[in-house]
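Grab a pencil and pull up the viewer. Try each task yourself before you read its solution.

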Amino acid sequence: DQQPIVKDVNYMFELIQTTLYHTREQHALFKSYLLNPSSPHHRALTFIKTEIHLQHQKRHSDERILQRYMLAIFYYSTMNEVHQHCCEHDFVNSNKHECKWNFEFHNGKFGGASCDNPHYPDTVTRLDFEGMELTGSIPFEIKGLTKLEFLSLSNNKLGGSIPY
């Protein structure tokens with residue numbers, strides 16, 4: 001029966017749209033991104049939709065759906081082909097809690113997401129990607145990680161500013 005899955009996907013889409021995109025312009029931009037299969041937003045949403053299909057029996061909380069979506073957008077916005085060959089199965093991984101989305105890069109650096117604050121055990125509070133050869137732009141959606149206490153993006157080739 002596909003009904004619960006379709007309902008979950010529609011709910012997830014509305015949750016993401018209403019939580020992260022507040023203005024009419026942001027809504028229009030979000031919808032345009034979703035029409036482009038190579039956009040980080042489309043790829044992140046596809047990842048979340050796939051998770052819903054695989055795990056609809058044990059649905060994540062709204063907070064975790066949003067957190068996984070924001071981290072997936074970050075991944076698809078900043079990781080280049082080198083990362084996608086070495087690291088995608090470790091960072092954007094349906095079988096792992098997002099607090100464990102991390103990897104060892106080919107240069108021996110270790111980075112990723114972690115949940116280090118005992119007051120927020122299931123919430124990403126740390127992103128450490130120093131020296132991971134990231135490229136692209138820091139996505140607007142990262143500002144939705146409201147409990148983020150530590151962000152290290154130095155020694156990369158990122159453009160734009162850190163949204164706040």
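Below are four short exercises, each with a worked solution.

A word on the ground rules: this is a predicted model, where local features need pLDDT of at least 70 and side-chain atom pairs count only at pLDDT 80 or more, while totals for chains, interfaces and linings use all residues. Residues are numbered from 1 along each chain as its sequence is written, and side-chain values use heavy atoms, with hydrogens and water left out.

**Exercise 1. Work out in what order the elements of the protein chain run from the N terminus.**

Step 1: count the elements, taking helices (H or I, at least four residues) and strands (E, at least two) as DSSP runs numbered from the N terminus. You should get six helices and six strands.
Step 2: read along the chain. The order is α-α-α-α-α-α-β-β-β-β-β-β.

**Exercise 2. Describe the aromatic pair of Phe 47 and Trp 101, and say which parts of the chain it links.**

Step 1: recall the criteria. Rings of Phe, Tyr and Trp (its six-membered ring) pair if their centres lie within 6.5 Å; planes under 30 degrees apart are stacked, over 60 edge-to-face, and the rest tilted. The whole structure has six such pairs.
Step 2: check the geometry. Phe 47 and Trp 101 sit 5.8 Å centre to centre with 70° between the planes, so by the cut-offs the pair is edge-to-face.
Step 3: place the rings. Phe 47 is in helix α3 (residues 40–55) and Trp 101 is in the loop between α6 (88–91) and β1 (102–104), 54 residues apart.
Step 4: look at burial (buried is under 20% relative accessible area, exposed over 50%, partly exposed in between, with a 1.4 Å probe and protein chains only). Both Phe 47 and Trp 101 are buried.

**Exercise 3. Do the same for Phe 74 and Phe 129.**

Step 1: the centres are 5.1 Å apart and the planes 40°, which makes the pair tilted.
Step 2: Phe 74 belongs to helix α4 (residues 62–78), and Phe 129 to the loop between β3 (126–128) and β4 (135–137), 55 residues away.
Step 3: Phe 74 is buried, at 1% relative accessible area, and Phe 129 is buried too, at 0%.

**Exercise 4. Find the disulfide and give its handedness.**

Step 1: search for cysteine sulfur atoms within 2.5 Å of each other. There is one disulfide, and it joins Cys 99 to Cys 115, with S to S at 1.6 Å.
Step 2: the torsion about this S-S bond is about -75°, so the disulfide is left-handed.
Step 3: Cys 99 lies in the loop between α6 and β1, and Cys 115 in the loop between β2 (110–114) and β3, 16 residues apart. Cys 99 and Cys 115 are both buried.
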